[in-house]
Amino acid sequence: QTYENLVEDEINKENLFSEFEKVEIVNFGIARTHLPQHIARIDKIVPDFNPQVVIFTAHSDEARRVMSNLYRVYVDSLEIDYDYLNTLFAELNLPRTVDEATFVRALKPRINEFIGWGLNHIKEKTESMGAVPVWMFVPALDEKPTPEQDELLYLQAKAMGYYILDLRNFNGTVPDEDLIIGSWDRHPNAAGHQLLANKMYQELINNKEL
């Protein structure tokens with residue numbers, strides 16, 4: 001009942017990409033991982049699957065999610081294979097015992113720079129595999145709307161040459177509260193996933209360039 005499975009079923013049912021016998025969507029997402037881990041996945045895991053399309057998915061309040069994720073990487077003193085990120089952390093000049101609020105204050109002026117670097121890395125790696133880079137925005141239902149930030153992310157990805165699937169306003173007039181699992185978990189329920197699937201499929205049809 002997840003939206004990517006529903007979209008995969010609809011693509012194959014309608015033979016949307018008729019030159020292929022079958023389309024398969026492989027979801028590499030893991031809870032509480034974001035851009036830093038996606039960069040590693042595109043280098044170490046995704047190439048084994050020989051994809052023809054790679055979709056990077058961003059969400060509402062993306063900058064906060066990425067900063068919180070980078071904080072965990074920083075305080076856990078994880079080994080990092082990327083010179084850019086090692087240099088960024090060194091320039092913050094903070095102890096590994098720093099609290100998250102202090103870390104975020106120091107990182108915030110450079111978070112858009114980091115996101116740009118990460119998206120560029122993913123795009124270059126995708127194209128080196130002969131695959132098509134797609135940036136997709138999937139709104140969250142966690143009561144933290146960030147419309148200005150969402151628009152900036154959209155414009156950034158578009159300017160970088162990503163193909164775009166924009167799932168904003170996927171729920172139309174349906175209240176968010178009708179589309180969440182429950183008050184304890186604001187991820188989309190089955191109805192929410194169906195609406196996301198409808199929007200994603202429509203975006204695929206409408207994006208003639210893609």
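**Exercise 1. In which loop is Phe49 found?**

Step 1. Set the ground rules. This is a predicted model, where local features need pLDDT of at least 70, side-chain atom pairs count only at pLDDT 80 or more, and totals for chains, interfaces and linings use all residues. Residues are numbered from 1 along each chain as its sequence is written, and side-chain values use heavy atoms, without hydrogens and water.

Step 2. Locate Phe49. It sits in the loop between α2 (35-44) and β1. Helices (H or I, at least four residues) and strands (E, at least two) are DSSP runs numbered from the N terminus.

**Exercise 2. Classify both partners of the salt bridge between Asp81 and Lys44 as buried, partly exposed or exposed.**

Step 1. Check the contact. The two side chains meet at 2.8 Å, N to O. A salt bridge needs a side-chain nitrogen of Lys or Arg within 4 Å of a carboxyl oxygen of Asp or Glu.

Step 2. Place the partners. Asp81 is in the loop between α3 and α4 (83-92), and Lys44 is in helix α2, 37 residues apart.

Step 3. Apply the cut-offs. Buried means under 20% relative accessible area, exposed over 50%, partly exposed in between (1.4 Å probe, protein chains only). Asp81 has 49%, so Asp81 is partly exposed. Lys44 has 53%, so Lys44 is exposed.

**Exercise 3. Repeat this for Glu127 and Lys123.**

Step 1. Their side chains meet in a salt bridge (2.9 Å, N to O).

Step 2. Both lie in helix α6, four residues apart, about one turn of the helix.

Step 3. Glu127 has 40% relative accessibility, so Glu127 is partly exposed. Lys123 has 13%, so Lys123 is buried.
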